[in-house]
Amino acid sequence: MTIPVTSSRGFTPGAPVVIDSTRHRDLQETCTVVAVPDPGRLTLDRLLHRHNGTVTPVPVVQPGEKGELIAEWNEYTPSSGTDIQLNTNLPQMS
């Protein structure tokens, strides 16, 4: 079974991998890499579950990796929010 991945860099034939590691725990499974045909695909020994890899790459993690990026966000703090000033003396605040 050959599946698309974001990058096949670092994967070697014979190494175990975890498929759908965080997004779909009910579909999560472990299998073995058979071949690395190109930088965007992996050939695996078997897949027991159907994974959505036709449009987006399937999350594939090697055991021992630090983790998988599951979300990103940007926070905005206006500059006036960091310029808070206290006009009360500290002894009077307690």
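In what sense, antiparallel or parallel, do S3 and S4 pair, and over how many bridges? In this predicted model, the two strands run in the antiparallel sense, and three bridges connect them. The link from S3 to S4 is a hairpin of two residues. One position shows the pairing well: alanine 35 has threonine 43, in S4, as its bridge partner.

Strand S3 covers residues 29-38, and it has a second neighbour to meet. Strand S2, made of residues 16-19, pairs with S3 in the antiparallel sense as well, this time over four bridges. Here valine 17 is the residue that stands opposite cysteine 31 of S3. Anyone following along in the structure can thus trace S3 to both partners: S2 through four bridges and S4 through three.

With the strands in place, the charged side chains come next. The salt bridges in the model number two. One of them joins glutamate 29 to arginine 46, with 3.7 Å between the closest N and O atoms. This pair ties together distant parts of the chain, since glutamate 29 belongs to strand S3 while arginine 46 sits in the loop between strand S4 (41-44) and strand S5 (60-61), 17 residues apart. The two partners also have their own surroundings. Glutamate 29 has a relative accessibility of 6%, so it counts as buried, because buried means under 20%. Arginine 46, with a relative accessible area of 34%, is partly exposed.

Glutamate 29 has a further contact worth finding on screen. A polar atom of its side chain lies 2.8 Å from the backbone nitrogen of leucine 48. The side chain of glutamate 29 therefore takes part in a salt bridge with arginine 46 and also lies 2.8 Å from a backbone atom of leucine 48, while glutamate 29 itself is buried at 6% relative accessibility.

The other salt bridge involves arginine 41 and aspartate 38, whose closest N and O atoms are 2.7 Å apart. How accessible are these two residues? Arginine 41 has a relative accessibility of 35% and counts as partly exposed. Aspartate 38 falls into the partly exposed class too, with a relative accessible area of 26%.

Technical notes
Residues numbered from 1 in each chain as written. Predicted model: local features only at pLDDT ≥ 70, side-chain atom pairs only at ≥ 80, totals over all residues. Heavy atoms only, no water. Buried < 20%, exposed > 50% of the residue type's maximum accessible area, 1.4 Å probe, protein only. Polar contact = N/O pair within 3.5 Å; in protein donor to acceptor, adjacent residues only side chain to side chain. Salt bridge = Lys/Arg side-chain N within 4 Å of Asp/Glu carboxyl O. Pairing = 2+ DSSP bridges.
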